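Hi,

Here is the structure I promised to pass on. Have a look at it first, and then read my notes underneath.

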Amino acid sequence: MILEMKQLFDIPGERKEFFFEITPEELKERVFSYSFASPLAVKGEAFNRAGVVYVEFSCRFVLSHICDRCLAEFEREYRYEFSHICVRDSSTNDELIVVSDNALDLNELAVSDSLLELPTKILCREDCKGMCFVCGQNLNEGECSCS
Ligand SMILES: [Zn+2]
Ligand SMILES: [Zn+2]
């Protein structure tokens, strides 16, 4: 979704709500390191408070993973909240989002925000015991007979 920002920049008190979903098929074209098992649902609003334009939204999605330690496949749901301040002109502050042509690509923002939040190590559970390097037994499901 492209958010038209002109009125948001021009009119203090202006507010726009949005809700949309990015399908797994679309996500596949942008994201190569993760596999989505659901759409990425985005819900939020943009508003001008005393001349400062904020964009706040939540993202919800399910990823299908392979555990880094035991190689089991599993799915996990993620929910994150994001808040940004938008400006029209280029800025030296990395925290600010520069919106050129009064158009903000919310799909791109939601995807890149979400990917940045994901943990670097993906485990099926925190105390995953991993797998036996000799016989390949998943040690969460029981001990193997290797010593
Ligand atoms: Zn595991
Ligand atoms: Zn074993």
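Below is what turned up, starting with the metal sites and moving on to the aromatic rings and two backbone oddities. Keep in mind while reading that this is a predicted model.

**The zinc sites**

Start with the zinc ion listed as ligand 1. Its coordination comes from the SG atoms of C67, C70, C124 and C128, at 2.3 Å. The angles among the 4 donor atoms run from 107 to 114 degrees, and the site is tetrahedral. If you want to find the donors in the sequence, look for the spacing C-x2-C-x53-C-x3-C. Two of these cysteines, C67 and C70, are both buried.

Now go to the zinc ion that is ligand 2. Here the SG atoms of C132, C135, C144 and C146 do the coordinating, at 2.3 Å. This site is tetrahedral too, with angles of 105 to 112 degrees among its 4 donor atoms. Along the chain its donor residues follow the spacing C-x2-C-x8-C-x1-C. Is C135 buried or partly exposed? With a relative accessibility of 45%, C135 counts as partly exposed, because buried would need a value under 20%.

**The aromatic rings**

There is plenty to look at here: the count comes to 9 aromatic pairs. Take F61 and Y78, whose ring centres are 5.5 Å apart with the planes at 25 degrees, so this pair is stacked. The two residues come from distant parts of the chain, with F61 in strand 5 and Y78 in strand 6, 17 residues apart. Both are buried: F61 has a relative accessible area of 2%, and Y78 has a relative accessibility of 7%.

F61 has another partner as well, since F61 and Y80 also form an aromatic pair, with 6.3 Å from centre to centre and 50 degrees between the planes, which makes it tilted. F61 is in strand 5 and Y80 in strand 6, so this pair ties together parts of the chain that lie 19 residues apart in sequence. Y80 counts as buried, at 15% relative accessibility.

These three residues belong to one aromatic cluster, which is formed by F18, F20, F36, F57, F61, Y78, Y80 and F82.

Two arginines are worth a click while you are looking at rings. R15 has its charged end over the ring of F47, 4.9 Å from the ring centre. R49 does likewise with Y54, and there the charged end is 5.4 Å from the centre of the ring.

**Two residues with positive phi**

Last, a couple of backbone details. L71 is not a glycine, yet its phi is positive, near 65 degrees. You will find L71 in the loop between strand 5 (52-66) and strand 6 (73-87). L71 has a relative accessible area of 53%, so it counts as exposed, the cut-off being over 50%.

The other residue is N102, also not a glycine, with a positive phi of about 60 degrees. Where is N102 in the chain? N102 sits in the loop between strand 7 (96-98) and strand 8 (103-105). Unlike L71, which is exposed, N102 is buried, with a relative accessible area of 16%.

That is the tour. If you open just one view to begin with, try F61 with its stacked partner Y78 and its tilted partner Y80.

Cheers

Note on methods. Residues are numbered from 1 along each chain as its sequence is written. Chains are lettered from A and ligands numbered from 1 in the order in which they are written. This is a predicted model: local features need pLDDT of at least 70, side-chain atom pairs count only at pLDDT 80 or more; totals for chains, interfaces and linings use all residues. Side-chain values use heavy atoms; hydrogens and water are left out. Donors are N, O and S atoms within 2.8 Å of the metal (3.2 Å for Na, K and Ca); water is not among the atoms, so sites may look incomplete. Four donors count as tetrahedral if all angles lie between 85 and 135 degrees; four count as square planar and six as octahedral if opposite donors are over 155 degrees apart and all others between 65 and 115; anything else is irregular. Buried means under 20% relative accessible area, exposed over 50%, partly exposed in between (1.4 Å probe, protein chains only). Helices (H or I, at least four residues) and strands (E, at least two) are DSSP runs, numbered from the N terminus. Rings of Phe, Tyr and Trp (its six-membered ring) pair if their centres lie within 6.5 Å; planes under 30 degrees apart count as stacked, over 60 as edge-to-face and the rest as tilted. A charge sits over a ring if NZ of Lys or CZ of Arg is within 6 Å of the ring centre and within 35 degrees of the ring normal.
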